[in-house]
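Work through the exercises below with the sequence and the 3D view at hand. Try each task before reading its solution.

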Amino acid sequence: MPQTPPFPGAFPTSGYNKNLYQTKEEAYGGLYYHDNSLVSGSLEALIQHLVPTVDYYPDRTYIFTFLLSSRLFIHPHELMSKVRQLCVRRRRECRWPGRTRLRKIAPKVLQLLTEWTETFPYDFRDERMMRSLKELTHRLDVMCRAGPRPSKPRSRVLYRKAVQQVTQGLIRKLTALSQYEEALAKINATLTDRLAVLKAKPQSIQRDVLSLCSDPFTLAQQLTHIELERLSYIGPEEFIQAFGPKDPLDNDKSCFGGHKKAGNLQTYVEWFNRLSYLVATEICMAVKKKHRARVIEFFIDVARECFNIGNFNSLMAIISGMNMSPVSRLKKTWGKVKTAKFDILEHQMDPSSNFYNYRTALRGANQRSITAHSSREKIVIPFFSLLIKDIYFLNEGCANRLPSGHVNFEKFWELAKQVSEFMTWRQVECPFERDRKILQYLLTAPVFSEDALCLASYESEGPENTMEKDRWKSLRSSLLNRV
C-alpha cells in the first residue's frame with residue numbers, strides 16, 4: 001500500500017483544477033466550477049467527490065479542504081457513515097463480471113482513511129468514528145474476497161497489514177494526545193499549588209530566571225521547545241471549530257455540540273499569556289533597580305534570539321510582557337537599560353500597516369524553512385494571535401453557503417491554504433537539547449496577577465501622582481492587609 005507523503009505546505013493558487021483530475025463524478029450536477037476551479041457544490045455532491053472509484057482518487061488538497069470544512073455542515077461521524085454507505089452502494093450496484101475491478105477500490109478507500117486518520121486523528125476520539133472505521137475496513141476486506149475470482153491470499157495479507165498500520169498509527173497519535181493532556185494537568189496542578197503558597201507568603205519567591213539560566217540563547221531554545229510541542233498538538237480542525245457557527249440549514253444543533261472544540265488551541269493561547277506575565281513578574285519582583293535593569297536587558301537578548309530562531313510567538317510574548325503598564329512605568333529602571341536592541345525588536349513587531357514588518361520577516365523565515373539544510377533553519381513559529389485573527393476575519397468575511405444553498409468552496413480553499421501552512425510549521429521537531437530544570441521553571445514558576453504586578457511596581461518605584469497613590473494604598477490594603 002502507498003503511504004501518505006508529508007503534507008504539502010502550499011496549495012495551488014487557483015484551487016482544484018478539474019482538468020487535471022477529470023472523472024465522471026465531476027460531471028455530477030451539484031458541483032460548479034469557474035475557470036476550471038471548483039468553487040461551490042451541494043454537500044452531497046462534495047461528499048461523492050471525496051469517495052474514490054475504480055478510476056478515480058481525489059486530489060490531496062481537495063481531501064484536506066473538504067475534511068477541514070465539512071464539519072461546519074455535518075458531524076465527522078455522519079460523514080464517515082455516508083462514505084461507508086457510498087462504498088456499500090457501489091459494491092451492490094456492481095454485477096459479478098465487474099467485481100474484479102471493484103476490488104481495486106479497496107486500496108483507494110483505505111488510502112483515503114489513511115489521509116483522514118493522519119491529518120485529523122482527533123476526529124477518532126469519538127467512539128462512533130472508531131466503530132465506523134472498523135466496519136468500513138472490514139467491508140473492504142470482504143470486497144477483496146468477493147467475486148468468482150477472489151483476491152490472491154498475498155494481496156489480502158498486504159491489505160490487512162495496511163489496515164493494521166493505519167489503526168496502530170491512529171492509536172499512537174491518540175495515546176500521545178492523552179499523555180500530553182495528562183502532563184498539562186500535572187503542570188496546572190503544580191502551578192496551582194505554587195500560587196497558593198505565593199498568596200500565603202508573597203515574599204516566598206526566592207529564585208528568579210537569572211539564577212537558573214543566564215544565557216539568553218539557552219532560554220530562547222527552551223522556549224522554542226515549549227512552543228513547538230504545544231503547536232504540534234493543535235489539530236487543523238480546531239481553527240474551524242473555534243469560530244465555526246451553527247450551520248443555518250441545520251435546525252437541530254451545532255455540528256460541535258458536546259465536543260471540546262479547540263482545547264489545544266486555547267492551551268497555546270494561554271501559554272502566550274503566561275509567558276507575558278512571567279516576564280513582567282521576573283522584572284517587577286526584583287528589589288534593586290540595577291537587578292531589574294539587568295533582567296530587562298536579559299529578556300531583550302532572549303527576544304532577539306527568538307527572532308533569529310524564527311520563534312515569533314515567544315518574541316511577541318516577551319515584548320508584550322515588557323510593555324505591560326507595571327513594567328513600562330518603571331522609568332528609573334528603564335533609564336539604566338540600553339534600549340537600542342529593544343527598539344529594533346519593537347519595530348519588527350510594530351502593528352502598524354497590519355503588522356507589515358512582522359509579515360515580511362515571517363515570509364523570510366518561511367522561505368528559509370523551505371530551502372533549509374538543517375532542522376534549526378526549518379523552525380517557523382508564527383505570532384499565533386495574529387494567525388488566529390487572520391483566519392477569523394477570513395471566516396467572518398465570507399458566507400459558508402451561497403444564496404443557492406451550495407457550500408462556498410472557494411472560501412474554504414482560502415482557509416485551507418492558511419491552515420495547511422500552519423500544518424507544515426507544526427511538524428518541525430525541535431533540534432535543541434532539552435533542559436528539564438529550565439522547562440519546569442518556565443511552565444510552573446508562579447506569576448503575579450495584574451494587581452500584584454501593579455503593587456510590586458509601586459513598591460519598586462513609588463507612585464507619581466494622586467491616582468497612583470490611591471491605587472497603591474488600595475492594593476496594599478487588599479493584597480497585604482495594610483493601610
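The exercises that follow use a predicted model.

**Exercise 1.** Classify Cys87 and Cys430 as buried, partly exposed or exposed.

*Solution.* Start with the cut-offs: buried is under 20% relative accessible area, and exposed is over 50%. Cys87 has 6% relative accessibility, so Cys87 is buried. Cys430 has 21%, so Cys430 is partly exposed. Next, look for disulfides: a search of the whole structure finds 0.

**Exercise 2.** Classify the ring pair Phe73 and Phe412, then place both residues in the chain.

*Solution.* First, check the distance. The ring centres are 5.9 Å apart, and pairing requires centres within 6.5 Å. Second, check the angle. The planes stand at 85 degrees, and over 60 counts as edge-to-face, so this pair is edge-to-face. Third, locate the residues. Phe73 sits in the loop between helix 2 (60–69) and helix 3 (76–93). Phe412 belongs to helix 19 (residues 409–426). The two are 339 residues apart, so the pair links distant parts of the chain. Last, check burial. Phe73 is buried at 9%, and Phe412 is buried at 1%.

**Exercise 3.** Repeat the classification for Trp116 and Phe124.

*Solution.* The centre-to-centre distance is 6.1 Å and the planes are 70 degrees apart. The pair is edge-to-face. Trp116 is buried at 1% relative accessibility. Phe124 is buried at 2%.

**Exercise 4.** Which residues touch the most other members of the largest nonpolar core?

*Solution.* That core has 136 residues. Phe239, Met322 and Phe384 touch the most other members. Now follow Phe384. Beyond four places in sequence, its contacts include Leu231, Phe239, Tyr268 and Phe422.

How values were computed:
Residues numbered from 1 in each chain as written. Predicted model: local features only at pLDDT ≥ 70, side-chain atom pairs only at ≥ 80, totals over all residues. Heavy atoms only, no water. Disulfide = S-S within 2.5 Å. Buried < 20%, exposed > 50% of the residue type's maximum accessible area, 1.4 Å probe, protein only. Core = buried A, V, L, I, M, F, W, Y, C linked by side-chain atoms within 4.5 Å. Contact = heavy atoms within 4.5 Å. Phe/Tyr/Trp six-rings, centres within 6.5 Å; stacked < 30°, edge-to-face > 60°. Helix = DSSP H or I, 4+ residues; strand = E, 2+ residues; numbered from the N terminus.
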